[in-house]
Amino acid sequence: MDGLLLDTEDIYTLCNNIILRECNRPDLPWNIKAQLQGRPGPEAGEIFHAWAQLPIPRAEYIRKNAELQRKHFPSAQPLPGVPDLLKTLKELGVHLALATSSHTANFKLKTSHLEGLFSCFPEQQRVLGDDTRIPPGKGKPAPDIYLLALETINSGLRDKGEKEIKREECLVFEDSVPGVEAGRRAGMRVVWCPHPQLLKEYKGREKEVLAGLANGGKDEGVKEVMEEAAVGGEGKGRGWPGRRDDGWAELMRSLEDFPYNRYGIDDA
């Protein structure tokens, strides 16, 4: 959601830089911000503080940051192409689920003034970062959040006696590198639509990102999945990390003029 549907990544940067400057620290660089994007708050916090080395207690940073976010998040706006994309997908009857690392309080701050935009995501098909169904330590780049999002859709389909959706039939929209990896590890196709500065940070490594390999396989469970895919096991052809140029992920610089037909969606 952040940096994909809404312009909130720039708001996160603004809030952090205000505090950093108050503490006579440099602005947040993109090589660090890239590691924060898409990850659950506690994990992102550890990465940020290890770099920032702020001269204030962490509790004070959290208080200041929360105050700034309460001030600025309600001004969040949709990114170019997003309103038309969501409207079209809803009108075409495409099943939609939201999977975001934002916890409930921040989600409300960012979206309460945009209820129309988010109405395409039924309440039961929204998976937020503090959802207790996601095990501790299993946020992005682990695939759990996307597998759970799919289950929220399939649960409703089962109740209606309709055919369930397979994970290889899903399309994940992501802006973050950990999020792309999460989608690939979930066995789903991925559209990567990154912030221009993030794209600069990964110049020359785009194929690595799209394959779900940019994290280097450091997170729990990744090595086993990659090995399975490499020997032609369950992951073969199903979007698991490890294969560049396999057609399971695509880079898009904007969600404007989305190519529906390329993904088997007839918008005629």
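Select Arg133. Arg133 is partly exposed, at 48% relative accessible area. Here buried means under 20% relative accessible area, exposed means over 50%, and partly exposed lies in between, with a 1.4 Å probe and protein chains only. This is a predicted model, where local features need pLDDT of at least 70, side-chain atom pairs count only at pLDDT 80 or more, and totals for chains, interfaces and linings use all residues. Residues are numbered from 1 along each chain as its sequence is written, and side-chain values use heavy atoms, with hydrogens and water left out.

**Stop 1: salt bridges**

Keep Arg133 and add Asp131. The two form a salt bridge, with their closest N and O atoms 2.7 Å apart. A salt bridge is a side-chain nitrogen of Lys or Arg within 4 Å of a carboxyl oxygen of Asp or Glu. Side chains of opposite charge can pair when their charged atoms come close. Asp131 is buried, at 14% relative accessibility.

Now select Glu123 and Arg126. Their side chains meet in a salt bridge of 3.4 Å, N to O. Is Glu123 buried or exposed? Glu123 is exposed, with a relative accessible area of 60%. Arg126 is buried, at 18%.

Next, pick Arg158 and Glu151. Their closest N and O atoms are 2.4 Å apart, in another salt bridge. Arg158 is partly exposed at 38%. Glu151 is partly exposed too, at 33%. Add Glu164 to the selection: Glu151, Arg158 and Glu164 are linked in a network of salt bridges. The count for the model comes to 18 salt bridges.

**Stop 2: helix H9**

Select residues 177-185. This is helix H9. Helices (H or I, at least four residues) and strands (E, at least two) are DSSP runs, numbered from the N terminus. Why is H9 largely enclosed by the rest of the structure? Because 9 of its 9 residues are buried. Among them are Val177, Glu181 and Arg185.

Go to the start of H9. A side-chain oxygen of Ser176 reaches to within 2.9 Å of the backbone nitrogen of Gly179. Then jump just past H9, to Gly187. Gly187 takes a positive phi of about 80°.

**Stop 3: the largest pocket**

Select Arg39, Pro40, Gly41, Pro42 and Ala44. You are at the largest pocket, which holds about 1,200 Å³ of space. Of the 50 residues in its lining, these five are the closest to its centre. On a 1 Å grid over the protein atoms alone, a pocket is an open set of points where a 1.4 Å probe fits, with protein on both sides within 12 Å along at least five of seven lines; lining residues have an atom within 4 Å of a point. Volume is the space filled by probe spheres set on the points, which are joined across faces, edges and corners.

Which helix gives the most to this lining? H3 does, with 8 residues. By class, the lining has 17 nonpolar, 19 polar and 14 charged residues. Ala, Val, Leu, Ile, Met, Phe, Trp, Tyr, Cys and Pro count as nonpolar, Asp, Glu, Lys and Arg as charged, and the others, Gly among them, as polar.

**Stop 4: the second largest pocket**

Select Val94, His95, Leu96, Leu171 and Phe173. The second largest pocket has a volume of about 840 Å³. Those five are the closest to its centre, of the 36 residues that line it. Now colour helix H5 (82-91), strand E1 (98-99), helix H8 (144-159) and strand E3 (171-174): these elements give two or more residues to the lining. The lining has 26 nonpolar, 3 polar and 7 charged residues.

Note on methods
Polar contact = N/O pair within 3.5 Å; in protein donor to acceptor, adjacent residues only side chain to side chain.
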